[in-house]
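Here are my notes on the model you sent over, set out point by point. Have the structure open while you read.

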Amino acid sequence: MRVTRRSVLGGLGALPFAHAPAWASVPVLAAQEAYAQIAPEGYDTTPVWAYDGLVPGPEIRVRQGGRVSRLLRNTLPDDTAVHWHGIRVENAMDGVPGLTQNAIAPGEEFLYDFAVPDAGTYWYHSHNRSMEQVARGLAGPLIIEEASDAPDVEHDVVLMIDDWRLDPETVEIAPFGNFHDLSHAGRIGNIVTTNGQYDWSMKVRRHDRLRLRVVNAANARVFRLRLKGLEGVIVALDGMPVANPVPASVDMDLAPAQRIDLIVDVVAEAGEVADLVSLERDGGFSIAGFEVTAGGRRARREAARPLPPNPVPDAGDPAQAPLMTLRMEGGAMRGLGPTRHKGEVKDGRAVMQEGQFWSFNGQAGLDEMPFFELSRGEVRRISMINDTAFPHGIHLHGHHFHVMNGDGSLGVLRDTVLVAPGETRQILMVADNPGDWLLHCHMLGHAMSGMNTWFRVL
Ligand code: C2O
Ligand code: CU
Ligand code: CU
């Protein structure tokens, strides 16, 4: 019998519908149009696209080993999908239209439901036309609390920093698709916010201990962070605990999508303001202020201990792992040679006319075939060579990886690595999560203009 739509619907309708479907009780996460006060007080609000109408989106916080369940309801005038950045989910929940799911059309819903194996600071953001949708506000924090041995702090503070390009007259979000941005450093904004505010601050007391969870949700801006009136250690990078916490006294670079968790004590005096400072332009400006009020402990506490490790796969002996190369080419000042795009090798100039300015190993954008294919459990090193005049923050979906140290030993775990112009960084990954996964630059304009590929784990 041919199954027609009518017979299917009729069949369903005939079922005794004793219970509401299991997902009826799942909280909704609505992708919607809204207004937010992005520009300083006194300016108009800005029309944004936002989860539950909030910028950033609502904080989703669960215990390690628990589940995240959200029914995404799309009321935007555009297709969308949600990616859960950095958390090791099953492939079907990764939120990449065309690769792991169909885009969620306006008026449609999609159930995201997955277990969270790792504690730490993660985030979620749109992965459909992300260059534009993330810049319009579709991003929020995802915090996974340690199952045990969480650090004892007075304040657990999420600091989601973002970079907006607003029209200075109307404070509306400036138009997209400018080839100059795509072929240079990406879409750099003209206003930086923390937790959606131009002037974010909170009150603390001297010697309070804070856990700062800093998330870079910007389209392209690399922040260089420094502490003032705060002292402590770096305890996690991209969600993953650092085995031996390092003093947070150095300047800390944070590429788009990267996170850094700090445990710091307030050492400024009552009446002063401690700051998280960004140094990357204008001689430095505060991105988070901590007003020190009277009271507080007499002395600082003992040094913070490392966070409990996450259950990541064992990397084995790095020297045994086969080495591959990922060469980044293109962009302003360098350009492209013959490049493969949409299944055809073309002259670099022709590819650039199609809005593709970057390549990985001579290939711009997604190809039919995966960039590489690994069997489950295989270990690989990838040498990432930046042959361009701009920095790139390269992100792998579904896996964290070790950034190798100069002496060939295993370095920190990350999900996004910043590779400076002319620099080579080697990473090592254990392919333990089956499925089709993206590998792309998280300067979102670069991803849409060539720096985007995928790999398969069987
Ligand atoms: Cu933050 Cu492809 O993702
Ligand atoms: Cu991701
Ligand atoms: Cu890039």
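1. Let's start with the lining of the largest pocket. Three elements each put at least two residues into it: helix H2 (130-133), strand E32 (435-441) and helix H5 (444-448). The volume of this pocket comes to about 620 Å³. There are 23 lining residues, and those closest to the centre are Arg129, Leu366, Ala447, Met448 and Asn452. Sorted by class, the pocket lining comprises eleven nonpolar, nine polar and three charged residues. Do keep in mind throughout that this is a predicted model.

2. Now the overall picture. The protein chain carries five helices and 33 strands. Its radius of gyration is 23 Å, close to the 23 Å that the globule rule gives for 458 residues, so the chain is as compact as a globular protein of that length. Taken along the principal axes, the C-alpha atoms occupy a box of roughly 80 × 60 × 55 Å. As for burial, 54% of the 458 residues count as buried.

3. The six-stranded sheet deserves a look. This sheet is open, with mixed pairing, and its strands come in the order E10-E9-E12-E17-E14-E15. Strand E10 (191-194) and strand E15 (240-247) sit at the edges, each pairing on one side only. From one strand to the next, the twist averages 25 degrees.

4. Within that sheet, I'd go to E17 and its two partners. Strand E14 (residues 230-237) pairs with strand E17 (residues 259-266) in the antiparallel sense, over seven bridges. Strand E12 (residues 209-216) also pairs with E17 in the antiparallel sense, again over seven bridges. For landmarks on the E14 pairing, try Leu237, whose bridge partner in E17 is Ile260. Asp261 is a handy residue to click on: this E17 residue is the bridge partner of Arg213, and it is the bridge partner of Ala236 too.

5. How buried is E17? Eight of its eight residues are buried, so the strand is largely enclosed by the rest of the structure. The cover extends to both faces: on one side Arg259, Asp261, Ile263 and Asp265 are all buried, and on the other so are Ile260, Leu262, Val264 and Val266. Note that the first of those sets includes Arg259, Asp261 and Asp265, so check their side chains when you go through the model.

6. There is also a four-stranded sheet. This one is open as well, has mixed pairing, and runs in the order E2-E1-E4-E6. Its edge strands, each pairing on one side only, are strand E2 (46-51) and strand E6 (109-115). The twist here averages 25 degrees from one strand to the next. Strand E1 (residues 28-36) and E2 run antiparallel and are joined by six bridges. To find your way between these two, look for Ala31, which stands opposite Tyr51 in E2.

7. On to internal space. How many cavities of 30 Å³ or more does the structure hold? There are three. The largest contains about 90 Å³ of space. Its lining consists of Arg88, Val312, Pro313, His399, His400, Phe401, His402, Leu413, Leu428, Val430 and Asp432. Strand E28 (401-403) and strand E31 (424-430) are the elements that give two or more residues to this lining. By class, the lining has six nonpolar, three polar and two charged residues.

8. The second largest cavity has a volume of about 70 Å³. Among the residues lining this cavity are Val55, Pro56, Met160, Asp162, Trp164 and Ala217. Which strand gives the most to the lining? Strand E9 (residues 155-164) does, with three residues. The class split is six nonpolar, four polar and one charged.

9. One last residue, also from E9. Asp156 lies in this strand, and with a relative accessibility of 33% it counts as partly exposed. Asp156 and Ala185 are 29 residues apart along the chain, and their C-alpha atoms are separated by 33 Å.

Note on methods. Residues are numbered from 1 along each chain as its sequence is written. Chains are lettered from A and ligands numbered from 1 in the order in which they are written. Side-chain values use heavy atoms; hydrogens and water are left out. Two strands pair if DSSP finds at least two bridges between them. Axes are lines fitted to C-alpha atoms, for helices over the stretch in contact, and angles run from 0 to 180 degrees between N-to-C directions. On a 1 Å grid over the protein atoms alone, a cavity is a set of points where a 1.4 Å probe fits but cannot get out, and a pocket is an open set with protein on both sides within 12 Å along at least five of seven lines; lining residues have an atom within 4 Å of a point. Grid points are joined across faces, edges and corners, and a volume is the space filled by probe spheres set on the points. Ala, Val, Leu, Ile, Met, Phe, Trp, Tyr, Cys and Pro count as nonpolar, Asp, Glu, Lys and Arg as charged, and the others, Gly among them, as polar. The radius of gyration is taken over C-alpha atoms; the globule rule is 2.2 Å times the number of residues to the power 0.38. Buried means under 20% relative accessible area, exposed over 50%, partly exposed in between (1.4 Å probe, protein chains only).
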